[in-house]
Amino acid sequence: MAAHTGTGRTDSGTPDQYEYRVLTLSRETSRSDARQLLTEHAEYGRWELARVRLYMGGGRKIWLRRKIIRVARTA
């Protein structure tokens with residue numbers, strides 16, 4: 001996973017733009033099932049783990065992100 005400095009800017013000075021996907025897992029979801037789900041998102045959708053929040057009841061909220069690739073138009 002690529003490290004993100006948190007500044008929101010790349011070396012060229014342009015802002016980083018990410019799209020996010022939020023997954024909510026119940027407490028009944030095993031760790032191995034959660035790991036498999038995240039692995040599939042990373043391999044096939046190019047998502048990376050941005051944040052995980054574990055709640056007192058055992059539920060998890062997971063934020064995934066991926067960089068939005070803008071294609072420059074050439075004429």
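The charged end of Arg51 sits over the ring of Trp63, at 5.3 Å from the ring centre. A charge is taken to sit over a ring if NZ of Lys or CZ of Arg is within 6 Å of the ring centre and within 35 degrees of the ring normal. Arg65 likewise lies over the face of Tyr18, 4.2 Å from the ring centre. The model behind these values is predicted, so that local features need pLDDT of at least 70 and side-chain atom pairs count only at pLDDT 80 or more, while totals for chains, interfaces and linings use all residues. Residues are numbered from 1 along each chain as its sequence is written, and side-chain values use heavy atoms, with hydrogens and water left out.

The overall layout helps to place these residues. The chain has one helix and three strands, and its elements run β-α-β-β from the N terminus on. Helices (H or I, at least four residues) and strands (E, at least two) are DSSP runs, numbered from the N terminus. Of the 75 residues of the chain, 20% count as buried. Here buried means under 20% relative accessible area, exposed over 50%, and partly exposed in between, computed with a 1.4 Å probe on protein chains only.

Arg65 deserves a second look. This residue lies in strand E3 and is buried, with a relative accessible area of 10%. Besides its place over Tyr18, the side chain of Arg65 makes a polar contact of 2.6 Å with the side chain of Glu48. A polar contact is a pair of N or O atoms within 3.5 Å; within protein, one must be able to donate a hydrogen and the other to accept it, and residues adjacent in sequence count only if both atoms are side-chain atoms. The partner, Glu48, lies in strand E2. Glu48 counts as buried because its relative accessibility is 18%.

Aromatic rings were also examined for pairing. A pair of aromatic rings is described by the distance of the centres and the angle of the planes. Rings of Phe, Tyr and Trp (its six-membered ring) pair if their centres lie within 6.5 Å, with planes under 30 degrees apart counted as stacked, over 60 as edge-to-face and the rest as tilted. By this rule, the count of aromatic pairs is zero.

Attention then turns to empty space. Rolling a probe the size of a water molecule over the atoms shows where empty space is left. On a 1 Å grid over the protein atoms alone, a pocket is an open set of points with protein on both sides within 12 Å along at least five of seven lines, whereas a cavity is a set of points where a 1.4 Å probe fits but cannot get out; lining residues have an atom within 4 Å of a point. The second largest pocket holds about 180 Å³ of space, a volume being the space filled by probe spheres set on the points, with grid points joined across faces, edges and corners. Its lining consists of Arg31, Ala34, Arg35, Leu38, Leu49, Val52, Arg60 and Ile62. Helix H1 (31-45), strand E2 (48-54) and strand E3 (60-67) each supply at least two residues of this lining, and H1 gives the largest share, with four residues. By class, the lining has five nonpolar, no polar and three charged residues. For this count, Ala, Val, Leu, Ile, Met, Phe, Trp, Tyr, Cys and Pro are nonpolar, Asp, Glu, Lys and Arg are charged, and the others, Gly among them, are polar.

One of the lining residues, Arg60, is placed in strand E3. At 19% relative accessibility, Arg60 counts as buried. The C-alpha atoms of Arg60 and Ala34 are 9.5 Å apart in space, with their positions 26 residues apart in sequence.

The loops add some further pairings. Arg27 lies in the loop between strand E1 (18-25) and H1 and counts as exposed, at 62% relative accessibility. The C-alpha atoms of Arg27 and Gly59 are separated by 4.5 Å, although the two are 32 residues apart along the chain. In the loop between E1 and H1 lies Ser26 as well, which is partly exposed at 36%. Ser26 and Gly57, 31 residues apart in sequence, are 8.9 Å apart from C-alpha to C-alpha. Gly58, found in the loop between E2 and E3, is partly exposed with a relative accessible area of 22%. From the C-alpha atom of Gly58 to that of Glu28 the separation is 8.2 Å, and the two are 30 residues apart along the chain.

The loop between H1 and E2 holds Arg46. Most residues other than glycine have a negative phi. Arg46, although not a glycine, has a positive phi of about 60 degrees. At 72% relative accessibility, Arg46 counts as exposed.
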